[in-house]
Structures are given as C-alpha cells and as structure tokens.
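Please work through the following exercises with the sequence and the structure at hand, and try each task before reading its solution.

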Amino acid sequence: MTRPDGAEDAAGRRIGRRTVLGALGLGAAGVVFGSRISSFVDDVLAPLTDHDPTGITSYLPGAGRFRIYSVVGSEPRRTNADYRLRVDGLVDHPLTLTWHQLRTELPQTAVTRDFQCVTGWRVADVHWRGVKVRDVLDRAGVKQGAGGLRIYSFDGAYTESLTMAQARRDDVLVAHEMLGKPVTRAHGGPVRLYVAPMYGYKSLKWLDRIEVVDHLDQGYWEERGYDVDAWVGRSNGRGDKPT
Ligand SMILES: Nc1nc2c(c(=O)[nH]1)N[C@H]1C(S)=C(S)[C@@H](COP(=O)(O)O)O[C@H]1N2
Ligand SMILES: [Mo]
C-alpha cells in the first residue's frame, strides 16, 4: 500500500533492513557525506520509523524533525507578492485574498501543538500562526446546504477535504507562519493549511483554493486508502497520543 510520505517515489530505491543497518554502521562516512545521509534518512528511513523494533532511527539526525513531502516530487514556487488564496463555491462573496490581506485584514490566531505524520514521526510543540479557516469562511459567507470544503494545492495534484464542523474549529488554520517564521517554500509556503487535531496529511501545503461544496470528495491520500476523518489517535488504526 502507498503511504502519505512520498515512499511511492522511493519505491524504486526500496532496500532491506540489513542494508539499512549496514549503512548506519558507516559512521565516519556519515560525517563526510552529511547531506546525503540526511536525505537518505528522510527518504528511506522515515517510512520505517513507525515499525522499527531496534528504536535506532530515533537516534538519527531527522528524528523529531519534519520530513519534507511533496507528492509531485518538486516544490512549487510562489512569492508573497504573487500569492492569492481563492475562496469560492457555495459562498455569497467569492474571495481572492493576498498574502498581505491574510496578515492584516483578518484576525490572527496562534496554535502550538505536536505535529504527527501517519507514518510515525512526530515533532513536538510546533508553533503556527495564521487565520482560522472559520474567519475566512465567515468573510465569504457560506450558503445554506454547504457540506464541507474541498481544498486545492498549487502543486496541481494534492487535494484535501474537511467537513464544515471540522473546518470551523479553533485549531484549523490558513497558516502563514510555522516554527516562528514565515512558512518556507519547502514546508508549503507562502501559505499552507494546518489541521491541528489530525494527521499531517490533512495539512495541505501550497494552499491555492478553498471550495465550499455540498458533498465531500476524498483527498489525495484518502483516495489511496487513508481515513477521511484523520483524528490523531483514533483513525488509520494507529494508537498515537492525540496532538
Ligand atoms: N501539497 C502537499 N501537501 C502535503 C503533502 C504533500 O505531499 N503535498 N504531504 C502531507 C503529509 S503526508 C505530511 S506528514 C505533511 C508534511 O509536512 P512537511 O512537508 O512540511 O513536513 O504535509 C502534508 N501536506
Ligand atoms: Mo504524513
């Protein structure tokens, strides 16, 4: 089964545990080729961390840190000046919000929570700032009969969905800051979604458009077998501590 971590891309490079442990023994070579080892950790070891009986991956650089994921295999670029968030569908006033408007014209909200990927890695106490999705929806005016949101990335491939009740929570943000600074391009900047109580795959990067729809469609990873309601600790058959 494919996993929300880009392991599909790594499929051709899949290697066995013996090879992994052998490579970890390289030690000094790991210092010389530091950057390569770190991408090795991200691409090959990260998908193994949730079923690693040795616990060895938790000692590696990369443990407790974000892995950078992109299902398209590249990181789309949009400057702050070029950035627009479109909000349309079942709304009274379709919106086109600039990066500046998102930072100045709408109430700003901060959330600090652990970030948990469904493949097992977790980053503690990540600080986010942005605008509640609810505040954006209220500005657009949601029409009667709206069932939820379909959310699109400007990578051209990734999508997500939220019910209206999920979208209206206090801890669901259109985020423009992450880790105490503007969201970097690698992390989905200038603006990404942040869905605090759910697994990382709900937090769509390179946010392009929020469409209010009458019924929910599955998102990118849900079409590939992951739960639509992605609550940390009570979905996807995992027992993680809620974030
Ligand atoms: N557009 C887009 N958004 C995405 C993904 C992706 O591949 N493309 N991966 C998701 C997954 S599975 C996780 S865990 C987080 C990882 O966020 P990061 O790349 O900033 O670490 O982004 C989520 N949002
Ligand atoms: Mo993930």
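**Exercise 1. Find how many aromatic pairs the predicted model holds, and work out how the pair of Phe-66 and Phe-115 is classed and what parts of the chain it joins.**

Solution. In this predicted model, the count comes to 11 aromatic pairs. Phe-66 and Phe-115 form one such pair, with 4.9 Å from centre to centre and 45 degrees between the planes. Ring centres have to lie within 6.5 Å to pair, and planes under 30 degrees apart count as stacked while those over 60 count as edge-to-face, so the pair of Phe-66 and Phe-115 is tilted. As the next step, place the two residues along the chain: Phe-66 lies in the loop between helix H3 (34–45) and strand S1 (84–89), whereas Phe-115 lies in strand S3 (residues 109–116), so the pair ties together parts that are 49 residues apart in sequence.

**Exercise 2. Decide whether Phe-66 and Phe-115 are buried or exposed, and then examine the pair of Tyr-220 and Trp-221 in the same manner.**

Solution. Buried means under 20% relative accessible area. Phe-66 has a value of 11% and is therefore buried, and Phe-115, with 7%, is buried as well. Turning to Tyr-220 and Trp-221, their rings form an edge-to-face pair, 5.1 Å centre to centre with 85 degrees between the planes. Tyr-220 counts as buried at 10% relative accessibility, and Trp-221 is buried with a relative accessible area of 2%.

**Exercise 3. Identify which residues are linked with Phe-66 into a cluster by ring pairs, and which charged residue lies over the face of Tyr-220.**

Solution. Following the ring pairs, one finds a cluster made up of Phe-66, Tyr-69, Phe-115, Trp-121, Trp-128 and Tyr-194. Over the face of Tyr-220 lies Arg-224, at 3.7 Å from the ring centre. Elsewhere, the charged end of Arg-78 sits over the ring of Phe-154, 4.1 Å from its centre.

**Exercise 4. Describe how strand S1 pairs with S2 and with S10.**

Solution. S1 and strand S2 (residues 95–98) pair in the antiparallel sense over four bridges, and the two form a hairpin with five residues between them. Within this pairing, Val-87 stands opposite Leu-95 in S2. With strand S10 (residues 207–213), S1 pairs in the parallel sense, again over four bridges, and here Gly-89 has Val-212 as its bridge partner.

**Exercise 5. State what the mean pLDDT of the protein chain is, and where the pLDDT falls below 50.**

Solution. The mean pLDDT is 83, and 74% of the residues reach 70 or more. Residues 6–42 have a pLDDT below 50, although this stretch has 30 contacts beyond near neighbours in sequence. Residues 46–51 are also below 50, with 20 such contacts. Where pLDDT is low, the predicted coordinates should not be read in detail.

Note on methods
Residues numbered from 1 in each chain as written. Chains lettered and ligands numbered in written order. Predicted model: local features only at pLDDT ≥ 70, side-chain atom pairs only at ≥ 80, totals over all residues. Heavy atoms only, no water. Phe/Tyr/Trp six-rings, centres within 6.5 Å; stacked < 30°, edge-to-face > 60°. Buried < 20%, exposed > 50% of the residue type's maximum accessible area, 1.4 Å probe, protein only. Lys NZ or Arg CZ within 6 Å of the ring centre and 35° of its normal. pLDDT = per-residue confidence, 0-100. Contact = heavy atoms within 4.5 Å. Pairing = 2+ DSSP bridges.
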